[in-house]
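Work through the exercises below with the structure open. Each task is followed by a solution in steps.

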Amino acid sequence: MIGLIFGPPGSGKGTQAGRIEKEFGMSHLSTGEILRSEVAHGSAVGNEAARIMAAGDLVPDDLIDRIVESLLRRTDSSSSVLLDGFPRTVEQAKALDRMLADLNRNVDFVVALDVPEPVLVDRLLHRAAVEGRADDTREAILERMHEYRLRTASVLDHYRRLGVPVAEVDGVGAVDEVFDRVRDEIKRVLGGKQRARGI
Ligand code: AP5
Ligand code: MG
């Protein structure tokens, strides 16, 4: 099974992914975390991505596509993967669909967290004070929101057009409350797939 956890910066993708991973036995694959680890290690990829990420812009599609493809190729075909932060452009979505088709797999569901922008900015500024992530400055946060609206939000329509179940979940409220909604939606999608296969 391949799932996507989707939403704007600060919507709780990473937080909810940790819970989904435990509840549904999926491996969480976050492109943002992979890139931050490359930056921390000073690798060639990290050096290319560091400045772009700190400014809140998106790293080039071909760079991120190569990272995801090599990870997916190394993943057992029976294992379940939850992608977080990828695909982030329609071009990346098309690249992912091609990679998965090569592996006889496909995107099974998308969970999209819906959180109003002022709440997102507050969450990220709060995290800046606690964790100091390089892209949690006010300027970079606004640029990340802009990139999301401009290039990322349309990925949902791409999957709707393909007939992939897209569950929009209210991401405001306590983490546990949001997870209850997320879990119900994933169970609903999985139940529908089993019924379609006559299980
Ligand atoms: P990425 O790491 O994906 O960051 P992001 O999308 O900006 O989102 P965040 O990780 O900040 O937020 P989140 O939705 O995971 O929320 P979280 O759970 O942390 O990408 C970073 C950068 O890498 C990009 O800008 C780009 O440069 C590059 N990149 C990555 N993937 C790429 C790709 N595919 N293509 C091109 N470039 C790419 O929660 C946020 C905060 O809110 C936390 O402090 C958390 O504790 C808190 N919180 C969570 N849930 C709740 C709740 N219910 N109530 C209150 N607080 C909450
Ligand atoms: Mg995250």
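Helices and strands here are DSSP runs, numbered from the N terminus: a helix is H or I with at least four residues, a strand is E with at least two. The model is predicted.

**Exercise 1. Place two backbone features in their loops.**

Task: Find which residues a cis peptide bond joins, and state which loop holds Pro87.

Solution.
- Step 1. Check omega: the bond between Phe86 and Pro87 is cis, with omega about 0°.
- Step 2. Locate the proline: Pro87 sits in the loop between β3 and α5 (90-102).

Task: What is phi of Asn104 near, and where is Asn104 found?

Solution.
- Step 1. Read phi: for Asn104 the angle is near 60°, a positive value in a residue other than glycine.
- Step 2. Assign the loop: Asn104 belongs to the one between α5 and β4.

**Exercise 2. Describe the shell around ligand 1.**

Task: Which residues come nearest to ligand 1, and which element gives the most to its shell?

Solution.
- Step 1. Collect the residues with a heavy atom within 4 Å of the molecule. There are 30 around ligand 1.
- Step 2. Pick out the nearest: Thr15, Thr31, Asp57, Arg88 and Arg127.
- Step 3. Sort by class: the shell has eleven nonpolar, ten polar and nine charged residues.
- Step 4. Map the shell to elements: at least two residues each come from α1 (13-24), α2 (31-41) and α6 (117-131). With four residues, α2 gives the most.

**Exercise 3. Trace polar contacts of ligand 1.**

Task: How far do polar atoms of Gly10, Asp57 and Arg144 lie from oxygen atoms of ligand 1?

Solution.
- Step 1. Apply the cut-off: a polar contact is a pair of N or O atoms within 3.5 Å.
- Step 2. Take the backbone: a polar atom of Gly10 is 2.9 Å from a ligand oxygen, and one of Asp57 is 2.5 Å from a ligand oxygen.
- Step 3. Take the side chain: a polar atom of Arg144 lies 2.8 Å from an oxygen of ligand 1.
- Step 4. Add the burial: ligand 1 alone exposes 1,000 Å², and the protein buries 87% of that.

**Exercise 4. Characterise the two pockets.**

Task: Which pocket does ligand 1 take, and what lines it?

Solution.
- Step 1. Match ligand to space: ligand 1 takes the largest pocket.
- Step 2. Give the volume: this pocket holds about 1,000 Å³ of space.
- Step 3. List the lining: of 47 residues, Pro9, Gly10, Lys13, Arg133 and Arg144 are closest to the centre.
- Step 4. Name the elements: those giving two or more residues include β1 (2-6), α7 (138-152) and α9 (175-196).
- Step 5. Classify: 17 nonpolar, 17 polar and 13 charged.

Task: How many residues line the second largest pocket, and how do they divide by class?

Solution.
- Step 1. Give the volume: the second largest pocket has about 170 Å³ of space.
- Step 2. Count the lining: 13 residues, with Pro8, Leu113, Asp114, Val115 and Tyr148 closest to the centre.
- Step 3. Name the elements: β4 (109-114), α6 and α7 each supply at least two residues.
- Step 4. Classify: nine are nonpolar, none polar and four charged.

Technical notes:
Residues are numbered from 1 along each chain as its sequence is written. Chains are lettered from A and ligands numbered from 1 in the order in which they are written. This is a predicted model: local features need pLDDT of at least 70, side-chain atom pairs count only at pLDDT 80 or more; totals for chains, interfaces and linings use all residues. Side-chain values use heavy atoms; hydrogens and water are left out. A polar contact is a pair of N or O atoms within 3.5 Å; within protein, one must be able to donate a hydrogen and the other to accept it, and residues adjacent in sequence count only if both atoms are side-chain atoms. Accessible areas come from the Shrake-Rupley method with a 1.4 Å probe; for residues, only the protein chains shown count as cover. On a 1 Å grid over the protein atoms alone, a cavity is a set of points where a 1.4 Å probe fits but cannot get out, and a pocket is an open set with protein on both sides within 12 Å along at least five of seven lines; lining residues have an atom within 4 Å of a point. A molecule sits in a cavity or pocket if more than half of its atoms lie within 2 Å of its grid points. Ala, Val, Leu, Ile, Met, Phe, Trp, Tyr, Cys and Pro count as nonpolar, Asp, Glu, Lys and Arg as charged, and the others, Gly among them, as polar. Grid points are joined across faces, edges and corners, and a volume is the space filled by probe spheres set on the points.
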